[in-house]
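Visitor: Hello! I would like to learn how to read a structure like this one, feature by feature. Could you walk me through it?

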Amino acid sequence: MMAANHSRKDILMDIQVAERVDTMVNVTVQRWGNSEGIRIPKELREQAGIHAGSMLNAEYVDGTIVLHPISVRTTQIGTYRVPRLEDLFADYNGTYQGEEWQTAPSVGGEA
């Protein structure tokens, strides 16, 4: 029996291709308030590992809209999964200084 001459990278690529499951479904763009959107069927969400609160990168490539899940650690809040606060503020160094905005004329004694 002759051993196959494959690198580890080739084997991992073969495994990834073997595990890939292609599903194509038709969806309809729907109006939601002032926006428009699509609903992604459950079987596609499960295959892509996305859920309510998942962040996706959307791009337009050669006439096709392509969505890529963004790997973000999340936490469950009620029925939603949201990014973890620790990760959202990981780059924050404490130097933010807020400022007041004058949105209306002063009324009374405030100054």
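Guide: Let us begin with a term for the surface: a residue is buried under 20% relative accessible area, exposed over 50%, and partly exposed in between (1.4 Å probe, protein chains only). In this protein chain, buried residues make up 2% of the 111 residues. Please keep in mind that this is a predicted model, where local features need pLDDT of at least 70 and side-chain atom pairs count only at pLDDT 80 or more, while totals for chains, interfaces and linings use all residues. Residues are numbered from 1 along each chain as its sequence is written, and side-chain values use heavy atoms, with hydrogens and water left out.

Visitor: How many helices and strands are there in the protein chain?

Guide: Helices (H or I, at least four residues) and strands (E, at least two) are DSSP runs, numbered from the N terminus. The protein chain has 3 helices and 6 strands. Along the sequence they follow the pattern α-β-β-α-β-β-β-β-α.

Visitor: Which strand does β5 join, and how do the two run?

Guide: Two strands pair if DSSP finds at least two bridges between them. Here strand β5 (residues 74–77) and strand β6 (residues 80–83) run antiparallel and are joined by 4 bridges. To trace the pairing, match Thr75 with its bridge partner Val82 in β6, and Gln76 with Arg81. The hairpin of β5 and β6 has 2 residues between the strands, and Gly78 there takes a positive phi near 60°.

Visitor: Where else can I look for a positive phi, in a residue other than glycine?

Guide: Try Asp62, whose phi is near 50°. Asp62 sits in the loop between β3 (56–61) and β4 (64–69). With a relative accessible area of 77%, Asp62 is exposed.

Visitor: Is Ile77 buried or exposed?

Guide: Ile77, found in strand β5, is exposed because its relative accessible area is 53%. You can also relate Ile77 to another part of the chain: its C-alpha atom is separated by 10.0 Å from that of Gly53, 24 residues apart along the chain. A second such pair is Pro69 and Gly49, 20 residues apart in sequence and 7.9 Å apart in space, C-alpha to C-alpha. Pro69 has its place in strand β4 and counts as partly exposed, at 44% relative accessibility.

Visitor: How many salt bridges does a search of the whole structure find?

Guide: Side chains of opposite charge can pair when their charged atoms come close. The rule for a salt bridge is a side-chain nitrogen of Lys or Arg within 4 Å of a carboxyl oxygen of Asp or Glu. The search of the whole structure finds 3 salt bridges. One of them joins the side chains of Glu36 and Arg31 at 3.3 Å, N to O. Glu36 counts as exposed at 57% relative accessibility, and Arg31 counts as exposed at 56%.

Visitor: What about the salt bridge of Glu46?

Guide: The side chain of Glu46 meets that of Lys42 at 3.9 Å, N to O. Both residues lie in helix α2 (residues 42–48), 4 residues apart, which is about one turn of the helix. Glu46 is exposed at 55% relative accessibility, and Lys42 is exposed at 52%.

Visitor: And which residue forms a salt bridge with Arg84?

Guide: That is Asp87, with the closest N and O atoms 3.3 Å apart. Arg84 counts as partly exposed, at 26% relative accessibility, and Asp87 counts as partly exposed too, at 28%.

Visitor: How do I read an aromatic pair?

Guide: A pair of aromatic rings is described by the distance of the centres and the angle of the planes. Rings of Phe, Tyr and Trp (its six-membered ring) pair if their centres lie within 6.5 Å; planes under 30 degrees apart count as stacked, over 60 as edge-to-face and the rest as tilted. By this rule the count is 1 aromatic pair. Phe89 and Tyr92 form it edge-to-face, 6.4 Å centre to centre with 80° between the planes.
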